[in-house]
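Me: I should like to go through some of the labels attached to this predicted model. Please set out the reasoning behind each one.

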Amino acid sequence: MREKDKIEKKREREIEIVSQMIRLYCRKNHGSADLCDDCRELREYAASRSRKCPFMEKKTFCSSCKVHCYRPDMREKI
């Protein structure tokens, strides 16, 4: 598998994991079977940040990153 493909697979896996975490949170805290508007917005924002991450190749966790690409309000939510 090419390096670029590995990075994209990692990126998509991260987006899926964050999406699952947000779904679980929303179900427990907002009682939604589907995502509420706020959680849907957070999921889309997190996915867009992951798609633009230039550090994906060697990245561990966003919280460990030197560059915080989330807006402060979204960092608080995530």
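Me: Why is Cys 65 called partly exposed?
Reply: The relative accessible area of Cys 65 is 23%. Buried requires a value under 20% and exposed a value over 50%, so Cys 65, at 23%, is partly exposed.

Me: How do you know that Cys 65 is in no disulfide?
Reply: The nearest cysteine sulfur belongs to Cys 53 and is 6.1 Å away. A disulfide requires two cysteine sulfur atoms within 2.5 Å, so this pair does not qualify.

Me: What makes the sulfur of Cys 26 too far from that of Cys 39 for a bond?
Reply: The two sulfur atoms lie 3.6 Å apart, and the cut-off is 2.5 Å. Cys 39 holds the closest cysteine sulfur to Cys 26, so Cys 26 has no disulfide partner. The count for the model is zero disulfides.

Me: Why does Cys 26 count as buried?
Reply: Its relative accessibility is 0%, and buried means under 20%; Cys 26 therefore meets the criterion.

Me: What makes the contact between Arg 11 and Glu 8 a salt bridge?
Reply: Their side chains meet at 3.2 Å, N to O, and the limit is 4 Å, so the pair qualifies. The two residues are three apart in helix H1 (residues 3-30), about one helical turn.

Me: Are Arg 11 and Glu 8 each buried or partly exposed?
Reply: Arg 11, with a relative accessible area of 8%, is buried, whereas Glu 8, at 35%, is partly exposed.

Technical notes:
Residues numbered from 1 in each chain as written. Predicted model: local features only at pLDDT ≥ 70, side-chain atom pairs only at ≥ 80, totals over all residues. Heavy atoms only, no water. Buried < 20%, exposed > 50% of the residue type's maximum accessible area, 1.4 Å probe, protein only. Helix = DSSP H or I, 4+ residues; strand = E, 2+ residues; numbered from the N terminus.
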